[in-house]
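Good morning, and thank you for the time. I should like to take you through one model, beginning with its overall make-up and ending with a few individual residues.

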Amino acid sequence: MAANLPNILTVFRIAVIPALVAAFFLGGPLGNWLAFGLFATAGATDYFDGFLARRMDLQSTVGRFLDPLADKLLIASALMMMVAFGHISGYAVLPAVVILCRELLISGLREFLAGIKVSVPVSRLAKWKTAIQMTAIAILLVGDAGPGAPHPIWIGESLLWLAALLTLVTGYNYLSAGLHHILEEDARAEGGAGE
């Protein structure tokens, strides 16, 4: 059981998504707080599954596949629902689009690189990006239902813009590293074809 704990936490993060989506349809402060609670709990499992996997040496192929997938599904679902229900609107939609596009790009890149047996490790900056992104989404999920904090939506949107900026930087870094491997693979294929 302990050996599967990181994977169980990751699967939990995916299983939370339907409940998170349903919370938006409740509306009002209850829906906001329920969505926040589910998202925050899922975000905490993201930290703990990685921590346990490293600490107890329980890293697995399933975990390496599921963990980034669970993150992307959770973030994409939250962003799409917030746009649909007006938690994010106007120009604040732009960082959400940047974040979603980057996630798709990097997923495709990682899939290709895995096919040629190349691993691209997660950078420290990417971890900061994820933390800021999760914080921004959590604040925006609560929105005006928050406990009287000054300008929670402005704070959430500002953090979302910062996350989008870091998304562009880390996305560029991953893409540069990935393109290097892709070009090497093309050169090998051309060299093999010419023999």
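A helix here is a DSSP run of H or I covering at least four residues, and helices are numbered from the N terminus. With that in hand, Met 80 can be placed: this residue belongs to helix α3. Please keep in mind throughout that the model is a predicted one.

Let me begin with the whole chain. The secondary structure of the protein chain amounts to six helices and zero strands. Read from the N terminus, the order of elements is α-α-α-α-α-α. The chain has 195 residues, of which 37% count as buried. About 11000 Å² of the protein chain is exposed, and carbon and sulfur atoms supply 70% of that area. As for contacts with a separation of 6 or more, 79% of them come from residues 24 or more positions apart.

I turn now to the interior. Which residues have the most contacts inside the largest nonpolar core? They are Phe 39, Leu 79, Met 82 and Ile 137, in a core of 29 residues. At least two residues of this core come from each of α1 (5-26), α2 (28-55), α3, α4 (93-115), α5 (124-142) and α6 (152-194). The most is given by α5, with seven residues. Another core lies apart from this one; it has eight residues, among them Leu 109, Leu 113, Val 118 and Val 120.

Phe 39 merits a closer look. Setting aside neighbours within four places in sequence, Phe 39 is in contact with Leu 20, Leu 74, Ala 78, Met 134, Ile 137, Ala 138 and Leu 141.

Next, helix α3, which spans residues 61-84 and holds Ser 77. Is Ser 77 buried or exposed? Its relative accessibility is 16%, so Ser 77 counts as buried, the cut-off for buried being under 20%. A polar atom of the Ser 77 side chain lies 2.7 Å from the backbone oxygen of Leu 73. Met 80, in the same helix, has a relative accessibility of 54% and therefore counts as exposed. The C-alpha atoms of Met 80 and Val 21 are 9.5 Å apart, although 59 residues separate the two along the chain.

Helix α4 allows a simple check on its length. At 1.5 Å a residue, its 23 residues should span 33 Å; the end C-alpha atoms of α4 are 34 Å apart, which agrees. The buried residues of α4 are Pro 95, Ala 96, Ile 99, Arg 102, Glu 103, Ile 106, Leu 109 and Leu 113. As general background, an α-helix has 3.6 residues a turn, so residues three or four places apart point the same way. Just after α4, Lys 117 takes a positive phi of about 65°.

Finally, the loop between α4 and α5, where Ser 123 is found. At 28% relative accessibility, Ser 123 counts as partly exposed. A polar atom of its side chain lies 3.0 Å from the backbone nitrogen of Ala 126. Which residues does Ser 123 touch, not counting those up to four places away in sequence? The answer is Thr 170 and Tyr 174. Thr 170 is 47 residues away from Ser 123 along the chain, yet their C-alpha atoms are separated by 8.0 Å.

Thank you; I shall be glad to take questions.

Notes
Residues numbered from 1 in each chain as written. Predicted model: local features only at pLDDT ≥ 70, side-chain atom pairs only at ≥ 80, totals over all residues. Heavy atoms only, no water. Buried < 20%, exposed > 50% of the residue type's maximum accessible area, 1.4 Å probe, protein only. Polar contact = N/O pair within 3.5 Å; in protein donor to acceptor, adjacent residues only side chain to side chain. Core = buried A, V, L, I, M, F, W, Y, C linked by side-chain atoms within 4.5 Å. Contact = heavy atoms within 4.5 Å. Areas by Shrake-Rupley, 256 points an atom, 1.4 Å probe, with all protein chains shown as cover. Expected span 1.5 Å × (residues − 1).
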